[in-house]
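Q: Could we go through this one together? I'd like to start with the strands and then move on to the charged pairs and the domains.

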Amino acid sequence: MTVEVLKPGLFSSFQDLGRTGHQHLGISVSGAMDELSHRLANLVLGNDEREATLEITLMGPTLRFAVQATVAWCGADLSPAIDGTPVPRATPTPVPAGATLQFGKRLSGMRAYLAVRGGFALAPVMGSTSTYARAGFGGYEGRALRKGDVLGLKSRGLPGIASVSPGTAAAVQRLHDELSGLTIRVLPGREWEQFGAGAQQTLLSHPYRIAAQSDRMGYRLEGQALERSTTDDVLSEAVCFGTMQVPPDGQPIVLMAERQTTGGYPKIVQVASVDLPRLAQRAPGESLRFVLIAMEKAQALLLARERVLRTLIPAV
């Protein structure tokens with residue numbers, strides 16, 4: 001039960017919900033950049049949401065299935081097709097034995113997530129199948145896919161789900177709509193007050209462009225420089241997904257899924273968890289705007305999303 005990689009795409013790697021519990025050893029959590037799309041791709045197939053998906057960046061792979069399988073994708077629209085027939089988003093789709101799944105033109109978004117019913121056959125490392133490319137472990141041989149790789153499947157995946165109900169499809173579409181937009185909601189960071197009103201207003205009233213040097217570790221932003229009103233040293237401490245640090249040049253960096261475990265730059269804001277998937281779908285060259293919200297609002301937004309996701313589990 002295998003899948004052959006005919007073309008690897010720009011950067012295609014297996015990711016799950018992350019490798020937690022090891023940051024004290026300097027090991028990144030990693031995991032899916034867009035956790036929402038990863039979870040949706042699994043849920044519409046009836047998989048556990050912790051199953052690994054193939055995270056596909058900008059330009060997708062070409063995969064030949066040696067066996068029958070059922071697949072689904074969510075996230076960026078990279079024009080997937082099975083032997084030339086388009087595959088709709090968030091829809092369980094049979095792949096006949098010998099068929100080829102190919103991704104084509106990018107229509108929207110940055111990252112697509114491909115799930116297979118039953119899951120990919122991967123060996124967990126420290127409790128996770130996420131690829132940690134910088135350290136060379138997890139996923140498939142600790143790296144992005146290459147031409148000629150042969151991927152294992154846990155099961156053929158044809159029996160069972162052939163479609164999702166209209167209500168489930170509508171809920172999935174509502175969740176997916178949250179990924180659009182260039183406004184990112186943030187909360188005050190640990191050193192928010194150290195930047196003073198000028199820098200705070202600059203961040204919240206001017207656009208920032210995602211630099212070409214951005215990747216799974218962090219998004220470098222380009223725009224008006226942010227200056228602290230104090231020169232006090234900041235001790236290195238734990239950082240999280242969405243932490244916005246400001247180095248001495250004043251150009252902010254948002255830490256992403258494969259971030260380092262600690263950082264010593266001042267932290268002006270923290271991206272709200274509910275908007276991390278939206279941020280992950282923005283590409284280099286695109287501009288962002290930031291809006292400040294309260295902790296209570298951020299929690300309410302995330303809980304509302306989780307309630308919708310919970311409804312999808314019995315639905316499928």
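Q: Which residue in β20 does arginine 209 stand opposite?
A: Arginine 209 stands opposite serine 287 in β20. Keep in mind while we talk that this is a predicted model.

Q: How many bridges join β13 to β20, and do the strands run parallel or antiparallel?
A: Two bridges join β13 to strand β20, which covers residues 287-292, and the strands run antiparallel.

Q: What larger arrangement are β13 and β20 part of?
A: They belong to a barrel that seven strands close, in the order β12-β19-β16-β17-β14-β13-β20, with mixed pairing. From one strand to the next, the twist averages 40°.

Q: Which helix lies across β20, and at what angle?
A: That is helix α3, residues 196-205, which runs at about 125° to β20 and lies across β12, β13, β16 and β19 as well.

Q: What about β19, how many of its residues are buried?
A: Four of the five residues of β19 are buried, so the strand is largely enclosed by the rest of the structure. Three bridges join β12 to β19, in antiparallel fashion, and three bridges likewise join β16 to β19, again antiparallel.

Q: Which residues are the bridge partners in β19?
A: Taking one from each pairing, valine 186 has valine 271 as its bridge partner in β19, while threonine 243 has glutamine 270.

Q: Moving to charges, how many salt bridges does a search of the whole structure find?
A: The search finds 21 salt bridges. One of them is formed by glutamate 178 and arginine 305, whose closest N and O atoms are 2.4 Å apart. That pair links distant parts of the chain, 127 residues apart, with glutamate 178 in the loop between α2 (166-177) and β12 (183-188) and arginine 305 in helix α5 (residues 295-315).

Q: Are glutamate 178 and arginine 305 buried or exposed?
A: Glutamate 178 is partly exposed, its relative accessible area being 27%, whereas arginine 305 is buried, with a relative accessible area of 6%. The cut-off for buried is under 20%, so the 6% of arginine 305 falls within it.

Q: Back to arginine 209, which residue forms a salt bridge with it?
A: Glutamate 222 does, and the closest N and O atoms of the pair are 2.3 Å apart. Because glutamate 222 lies in strand β14 (residues 218-222) and arginine 209 in strand β13 (residues 208-210), the salt bridge ties together parts that are 13 residues apart in sequence. Glutamate 222 counts as partly exposed at 33% relative accessibility, and arginine 209 is partly exposed too, with a relative accessible area of 36%.

Q: And lysine 267 in β19, which side chain does it meet in a salt bridge?
A: Lysine 267 meets glutamate 237, at 2.9 Å from N to O. Glutamate 237 sits in strand β15 (residues 237-238) and lysine 267 in strand β19 (residues 267-271), so parts that are 30 residues apart in sequence are tied together. With 23% relative accessibility glutamate 237 counts as partly exposed, while lysine 267, at 6%, counts as buried.

Q: Which residues are linked in a network of salt bridges?
A: The network links Glu35, Arg39, Glu49, Glu306 and Arg310.

Q: Changing topic, how is the protein divided into domains?
A: Domain 1 covers 2-165 and domain 2 covers 183-312, and their C-alpha centres lie 27 Å apart. The contact takes 31 residues from domain 1 and 24 residues from domain 2.

Q: What area is buried between them, and how many salt bridges cross the interface?
A: About 2,000 Å² is buried between domain 1 and domain 2, and carbon and sulfur atoms give 51% of that. Across the interface the rule finds six salt bridges.

Q: Last one, where is glycine 75, and is it buried or exposed?
A: Glycine 75 has its place in strand β5, residues 69-77, and it counts as buried at 3% relative accessibility. Leaving aside residues up to four places away in sequence, glycine 75 touches Ser37, Arg89, Arg111, His176, Leu179 and Gln281. As for leucine 179, it is 104 residues from glycine 75 in sequence and 8.0 Å away in space, C-alpha to C-alpha.

Notes
Residues numbered from 1 in each chain as written. Predicted model: local features only at pLDDT ≥ 70, side-chain atom pairs only at ≥ 80, totals over all residues. Heavy atoms only, no water. Salt bridge = Lys/Arg side-chain N within 4 Å of Asp/Glu carboxyl O. Buried < 20%, exposed > 50% of the residue type's maximum accessible area, 1.4 Å probe, protein only. Pairing = 2+ DSSP bridges. Axes fitted to C-alpha atoms, helices over the stretch in contact; angles between N-to-C directions. Contact = heavy atoms within 4.5 Å. Domains from an automatic or database assignment. Buried area = accessible area lost by both parts, 1.4 Å probe.
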